[in-house]
Amino acid sequence: MKQVPITLAIVFLIAASFITYSCAYTVDETEQVILTQFGKPVGDPIVDSGLHFKLPFIQEATFVEKRILEWDGRPNEMPTKDKTYIVVDTFGRWRINDAKQFFLRLRDERSAQSRLDDILGSETRNAIAKHELIELVRTTKDREPIQDAVIIEGPGTAGTLYPISKGRAKIEEEIFAKSAEKLADFGIELLDVRFKRINYNENVQQRIYTRMISERKQIAERFRSEGAGEAAKIIGRKERDLLEIESEAYKKVQEIRGAADAKATEIYASAYNQSEEAVNFYAFIKTMETYEEMLGGDSTLVLTTDSDIFKFLKNIDQND
C-alpha cells in the first residue's frame, strides 16, 4: 500500500517535468520568437534573449532570425536604354524587423528569398532599361580622366570619356528605395543593394572585342605612319647636311688649289720675268710641255705654218 503513493509521486513528477518542458523555451541573442496558437500568431514578437514560457500543447514557438541576412541574386540578361544586352549580377543585405508581419506574409526565409528575387530582380530590370550602359559602369559625374593626347587625336573613340547624368551609385539608390518600400509590407528591412558584376553577353562581347582590336590597329598604324614620316625627315636632314659638308669641303679644296696655283704662277712669273732670255725660255718650256700632251700616242695635228705653236717645229732643222 505504501508503494502506491510513491508511484503516483513519480508519475506526477514526470508529468510536471513534461509540462514544464512544454511550457519553457530559450531565446538566443540572434533570434526572435513568434508565439502561435492554433497556427495564428498571438502577442508581440519576443526579442529578449533568455528563458521564456508559453502555454503547453496550445502554443508553439516559431524562431525567426534577428541577424542581417544576405541575398545573392542570379545573373540575368537584360537590355539597357541604348539596346545593349548585358548580364547583371546583384546582391543585397536584409533583416526581419517585423517578425509578426513576416510570419503572416511569408512564414519562413525560403519564401522571403523567393520574394526578394521577384522584387529586387524586377526593380533592377526596370532601372537597367531606363538608363544607358555608360550610366551603369561609371559613378563619378565630374571625373577628369587622364588622357593621352596622341590617342585622343587618333581615329575612333579611344580615350574619350562620355559625360553621365546619374551614375552607378544613384541607380543603385533608386533600386534600393523602390524595393525597400515594397519589402516593408512583408516585415523586411532592406539594408543595401549593389551591383556585383555587369558584363556584356557573349555575342556583344565579340563585337566589342573586334571594335577594340580595330581601333588599336588604327592607332598602331597611325604611330607607324608618323614614325615613317619622322624617319624620312631625319634621313632628309642627314642627306642635306652631308651635301652641305661635301660642298663646303669642295669649296675649301678649290680655294686652297686656287691659292696654290696663284702662288705658283706668282713664283713662275717672278722667276721667268727677270730677263728676255728667261721669258723666251719659259715660253719654250711651256710649248714643249704642250707638245708632249698633244703629240702623245697616235695623235694627228693639222696646223698652219702661221700658228704660234708651230714656230718651234719650223726651226727644228735650223736649231740642229
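## Helix α8

In helix α8, the residues Ala 278, Thr 287 and Tyr 291 are buried. Thr 287 and Tyr 291 make a nice pair to look at on screen, as both belong to the buried set of α8. An α-helix has 3.6 residues a turn, so residues three or four places apart point the same way.

The helix itself covers residues 276-294, which gives it 19 residues. From its first C-alpha to its last, α8 reaches 27 Å, close to the 27 Å expected at 1.5 Å a residue. Please keep in mind that everything described here comes from a predicted model.

## The chain as a whole

Stepping back, you will find ten helices and nine strands in the chain. The chain has 320 residues, and 24% of them count as buried. Its accessible surface comes to about 22,700 Å², and carbon and sulfur atoms account for 54% of that.

How do contacts spread along the sequence? Among contacts between residues at least 6 apart in sequence, 66% join residues at least 24 apart.

## A sheet of three strands

One place to start with the strands is an open sheet of three, in the order β3-β2-β5, where the pairing is antiparallel. The edges are taken by β3 (40-46) and β5 (59-65); each has a single partner strand, so one side of each is left without a neighbour in the sheet. On average, neighbouring strands of this sheet are turned by 30° against each other, direction ignored.

Strand β2 (residues 31-37) runs antiparallel to β5, and seven bridges join the two. To find one of these contacts, look for Ile 34, whose bridge partner in β5 is Thr 62.

## Strand β8 and its partners

Strand β8 (residues 85-96) is a good one to follow, because several pairings meet there. With β6 it pairs in the antiparallel sense over four bridges. Here Trp 71 has Gly 92 as its bridge partner in β8, while Asp 72 stands opposite Phe 91.

Strand β7 also pairs with β8 in the antiparallel sense, over four bridges. Across this pairing, Asn 76 stands opposite Val 88. The hairpin of β7 and β8 has five residues between the strands, and in it Lys 83 takes a positive phi near 65°. Strand β9 (residues 188-200) is joined to β8 by eleven bridges, and these two strands run antiparallel as well. Val 88 appears again here, standing opposite Ile 198 in β9.

## Two faces of β6

Which residues of β6 point to the buried face? Leu 69 and Trp 71 point to one face and are buried, whereas Glu 70 and Asp 72 point to the other and are not. In a regular strand the side chains alternate between the two faces of the sheet.

## Salt bridges

The structure holds 16 salt bridges. One of them links Asp 117 with Arg 74, the closest N and O atoms being 3.7 Å apart. Asp 117 lies in helix α3 (residues 109-129) and Arg 74 in the loop between β6 (69-72) and β7 (76-79), so the pair ties together parts that are 43 residues apart in sequence. Asp 117 counts as partly exposed, at 24% relative accessibility, and Arg 74 is exposed, with a relative accessible area of 57%.

Another salt bridge sits within a helix: Arg 168 is paired with Glu 172, their closest N and O atoms being 3.7 Å apart. These two residues are four apart in helix α6 (residues 168-183), and are therefore separated by about one helical turn. Glu 172 counts as buried, at 7% relative accessibility.

Asp 192 and Arg 194 form a salt bridge too, with the closest N and O atoms 3.2 Å apart. Both ends are partly exposed: Asp 192 has a relative accessible area of 28%, and Arg 194 one of 35%. Finally, a network of salt bridges links Asp 72, Asp 89, Lys 196 and Arg 197. Asp 72 may be familiar by now, as it was one of the residues of β6 that are not buried.

Terms used. Residues numbered from 1 in each chain as written. Predicted model: local features only at pLDDT ≥ 70, side-chain atom pairs only at ≥ 80, totals over all residues. Heavy atoms only, no water. Salt bridge = Lys/Arg side-chain N within 4 Å of Asp/Glu carboxyl O. Buried < 20%, exposed > 50% of the residue type's maximum accessible area, 1.4 Å probe, protein only. Pairing = 2+ DSSP bridges. Axes fitted to C-alpha atoms, helices over the stretch in contact; angles between N-to-C directions. Expected span 1.5 Å × (residues − 1). Contact = heavy atoms within 4.5 Å. Areas by Shrake-Rupley, 256 points an atom, 1.4 Å probe, with all protein chains shown as cover.
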